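What follows is a walk through one structure, taken part by part. Please keep the sequence and the coordinates at hand while reading.

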Amino acid sequence: MIQKSVTIIAVAVALLAGSALGTSKAIARDYVSIVGSSTVYPFATTVAEQFGKSTKFRTPKVESTGSGGGLKLFCSGIGVSHPDISNASRRIKKSEYDTCQANGIEDIIEVKVGYDGIVLANSKKSITMKLARKDIFLALAKQVPDSKTGKLINNPYRTWKEVNPSLPDTRIEVLGPPPTSGTRDAFAELAMEGGAKTFADLTALRKARGDEVKILMDKLGIPENAYNEKGKTVFKLVAHSIREDGVYIEAGENDNLIVQKLEANPDALGIFGFSFLDQNEDKVQGSFIDGHLPTFEGISDGSYPVSRPLYFYVKKAHVSVIPGISGYLEEFTSDKAWGDEGYLADKGMIPMPDEERTKFSTDVKNLTPLVWQ
Amino acid sequence: MSTEKTMHIVQRGLGKRYRQEKIFKLMGLSAILFSLAFLVFLFSSIFLNGYKAFYQTAVSIDIFFDPAVLEVKDPASANYNGLIKESLRNAFPEVKKRKQKKNLYGLVSTSASFHLRDMVLADPGLVGQTKTIWLLADDDVDMLMKSYIDRDLPQADRRMNDLEISWVDKLIAEGRVTSRFNIGFFTNGDSREPESAGIMGAAMGSMYMLAITLALAFPIGIGAAIYLEEFAVKNRLTDIIEVNINNLAAVPSIVFGLLGLAVFLNFFELPRSAPLVGGLVLFLMTLPTIIITGRVALQSVPPSIREAALGIGASKMQAVFHHVLPLAMPGMLTGTIIGMARALGESAPLLMIGMVAFIVDIPTGITDPATALPVQIYLWADSPERAFVERTSAAIMVLLTFLILMNGTAVYLRSKFERRW
């Protein structure tokens with residue numbers, strides 16, 4: 001009895017495994033496959049769902065892999081086993097573009113979808129912080145210029161008051177994303193670099209080349225092994241290094257968790273995307289940065305300094321092959337989605353100005369591929 | 001030594017021995033109580049966070065199925081949203097400003113228009129009639145009704161402004177707001193709108209995966225266990241195999257995900273995000289556990305059974321399959337169920353093979369894209385909308401129910417069929 005059933009199960013398994021492995025290569029995909037940034041994910045999924053429910057096409061599949069991971073998958077080749085669209089919370093890099101070209105993906109359509117603000121927020125129970133980007137840099141950089149000699153020293157500041165006398169006398173404690181996160185990259189680029197540029201020597205270093213770099217590095221006290229012919233690389237090294245002495249706490253990729261921790265600890269500040277501030281206005285408040293509060297309008301008109309564009313990239317070769325891509329593109333670039341009053345704005349995405357929207361929707365209509373200048 | 005003297009020594013030490021035993025018992029009991037307290041805390045916090053997700057708010061609205069809107073070439077693509085907007089404008093004629101109108105339309109879930117579409121497609125006779133229909137409320141209204149939105153806070157600090165709350169209050173006063181059982185949570189796939197998000201898609205994905213895992217891991221695992229325990233010669237090679245199986249059982253699950261990515265996706269080119277691949281990966285992960293528990297079950301069958309069978313002339317195979325295996329089966333099943341329960345709760349290896357994804361359509365086969373229950377919990381926990389918090393907890397409750405059912409079955413099987421020698 002048992003012997004018989006064991007034999008039957010064994011045969012069934014062999015057949016199942018055999019058929020699955022055998023037929024796999026022939027499976028055509030009848031849904032759009034999207035990968036990429038976790039920041040664009042909430043918006044891409046909203047569009048995908050609208051598109052799937054209002055048309056006869058299947059709902060696109062959206063994976064949250066991070067910008068870098070998404071573009072890596074995207075650029076790995078042409079064919080149904082590779083994704084059609086990759087979301088990114090930054091622009092595609094030259095190296096990624098080259099990988100794409102090398103793997104036969106010649107025509108990539110670049111679509112900018114909107115903006116996302118990065119906020120520094122704290123609990124509603126404490127006062128609103130009025131920060132400048134310089135304060136952020138001084139509070140969080142691993143090495144900062146000494147106030148007397150101008151040489152780079154390990155960050156000595158412990159309280160906000162030490163950074164800037166007009167700030168409260170509370171301990172510096174910032175919860176933020178880990179280095180793998182796109183939010184962290186953007187924060188380093190926009191807030192930290194912005195702060196570093198307020199120091200004349202660092203700005204000079206950014207523009208310097210060759211020997212000038214060496215002189216400036218000597219002046220700033222940067223060790224020689226960090227030397228690069230381009231001053232900009234050295235500058236980035238300084239500006240992007242966040243201190244590791246426990247003041248900056250890596251709180252994981254989950255922004256909800258950061259919000260909860262801020263509630264429990266009113267002295268701490270947190271770094272996360274604008275949509276989480278938008279949803280938790282009763283618990284946390286955004287800080288002023290260079291005199292601007294992170295508001296919908298402020299990010300939209302560019303007056304709030306820490307905001308970044310969001311993109312997605314489409315393989316032109318796939319558009320005519322995979323059913324639903326052109327419909328998805330049409331839905332995404334329609335006014336009811338990415339417009340000023342569109343449903344993506346309700347989800348916390350900051351829409352682009354009209355001219356930009358027109359430009360990118362025309363690009364999408366004509367499937368104009370990206371050309372690297 | 002006289003008996004009396006011995007007794008004296010025993011008596012003297014007795015108090016101390018009793019005391020030690022008492023202390024040990026107390027320590028054991030407090031350990032149990034301590035872990036129970038944590039369990040109660042965990043379960044009650046999940047329950048308190050999540051039970052409200054099992055009912056949700058609906059608002060009733062008089063909808064006029066306007067022939068001018070609906071009598072178009074393709075009724076499936078008519079402007080159903082327009083019908084809802086029209087009805088809301090009629091219900092609140094005082095709302096004139098553009099921005100306010102937008103807020104007004106936001107009282108009803110964006111999924112409501114699909115509900116109307118399905119109604120009209122099912123019964124075209126509705127066109128031209130006016131009906132009072134219960135529509136899903138937006139998640140913000142739902143949060144207000146469940147008092148997650150504090151009415152006492154200043155207007156700027158909450159998701160709904162005073163005007164919106166006054167509309168809701170008017171609807172409540174007219175008896176147009178109700179709270180009903182959230183069927184959609186059990187029948188829908190994932191959604192970006194918390195009010196229409198459900199776990200059916202993830203549950204189906206988990207089911208397909210577990211079916212594949214079971215179909216592969218059970219026969220292969222049991223077969224390997226029988227061979228290694230009953231037939232294999234004991235030599236250096238089988239020792240190495242045994243050490244490796246024990247090692248594999250302790251390998252972190254993410255490693256199996258990486259293996260799945262390299263072998264099933266990159267080499268065999270199986271579809272990404274498919275339960276087929278998930279099932280194969282979980283099969284590899286559970287196999288060592290099943291082999292080990294299978295061997296333990298076989299070892300616990302006394303050798304006298306085998307010897308008796310062989311003694312009356314059974315072949316080795318007959319002895320194993322007719323006598324040893326039936327007695328070891330309850331133990332093997334228990335091990336399998338525990339292995340399956342572990343596979344059900346696993347999310348890390350699925351990350352590598354693309355099953356952490358937003359998938360609305362409920363999968364209908366093993367090659368459709370799908371997620372799994374633990375992945376759905378992870379995705380919701382990461383969503384900004386407040387209403388997903390309670391849904392996360394509700395999904396955890398569903399997953400826990402499945403786990404308790406499976407582990408309960410394992411305990412039942414053991415107590416019912418296990419033979420003691």
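A cavity is here a set of grid points where a 1.4 Å probe fits but cannot get out, and its volume is the space filled by probe spheres set on those points. The model is a predicted one. With a threshold of 30 Å³ or more, the count comes to 5 cavities.

The largest of these cavities has a volume of about 100 Å³. Its lining is made up of 13 residues. Those that lie nearest the centre are Gln279(A), Met143(B), Ile149(B), Arg159(B) and Arg386(B), a set that includes residues of chain A and of chain B. Which element gives the largest share of the lining of this cavity? That share, 3 residues, comes from helix 6 of chain B, which spans residues 139-145. By class, the lining of the largest cavity holds 8 charged residues, with 4 nonpolar and 1 polar. In terms of domains, at least three lining residues come from domain 1 (56-182) of chain B, and at least three from domain 2 (200-417) of chain B.

The second largest cavity encloses about 60 Å³. From chain A, its lining takes Thr46(A), Glu49(A), Gln50(A) and Lys53(A). From chain B come Thr110(B), Ser111(B), Phe114(B), Ser191(B), Glu193(B) and Ser196(B). Helix 2 of chain A, residues 41-54, supplies the largest share of this lining, with 4 residues. Sorted by class, the lining of the second largest cavity has 6 polar residues, 3 charged and 1 nonpolar.

We turn next to chain A and its division into domains. Domain 1 of chain A is written in two segments, 28-116 and 309-366, while domain 2 of chain A covers 127-265. Taken over C-alpha atoms, the centres of domain 1 and domain 2 of chain A are separated by 33 Å.

Strand 4 of chain A runs over residues 108-123, and 16 of its 16 residues are buried. Which strands of chain A does strand 4 pair with? One partner is strand 13 (residues 307-315) of chain A, joined to strand 4 by 9 bridges in an antiparallel arrangement. Within this pairing, Lys112(A) has Tyr311(A) as its bridge partner. Strand 10 (residues 269-273) of chain A also runs antiparallel to strand 4, over 5 bridges, and here Val119(A) stands opposite Phe272(A). Another antiparallel partner is strand 11 (residues 284-286) of chain A, with 3 bridges to strand 4. In that pairing Asn122(A) stands opposite Gln285(A).

The last feature is a covalent link. How many disulfides does a search of the whole structure find? Over all chains there is 1 disulfide. Its partners are Cys75(A) and Cys100(A), with an S to S distance of 2.1 Å, which falls within the 2.5 Å that defines such a pair. Cys75(A) sits in the loop between helix 3 (67-74) and strand 3 (85-88) of chain A, and Cys100(A) in helix 4 (residues 94-102) of chain A, so the pair ties together parts that are 25 residues apart in sequence. The link between Cys75(A) and Cys100(A) is left-handed, with -80° about the S-S bond. Are these cysteines buried or exposed? Cys75(A) and Cys100(A) are both buried.

Key: Residues numbered from 1 in each chain as written. Chains lettered and ligands numbered in written order. Predicted model: local features only at pLDDT ≥ 70, side-chain atom pairs only at ≥ 80, totals over all residues. Heavy atoms only, no water. Helix = DSSP H or I, 4+ residues; strand = E, 2+ residues; numbered from the N terminus. Buried < 20%, exposed > 50% of the residue type's maximum accessible area, 1.4 Å probe, protein only. 1 Å grid on protein atoms, 1.4 Å probe; cavity = no way out; pocket = protein on both sides within 12 Å on 5 of 7 lines; lining within 4 Å. Nonpolar A, V, L, I, M, F, W, Y, C, P; charged D, E, K, R; others polar. Domains from an automatic or database assignment. Pairing = 2+ DSSP bridges.
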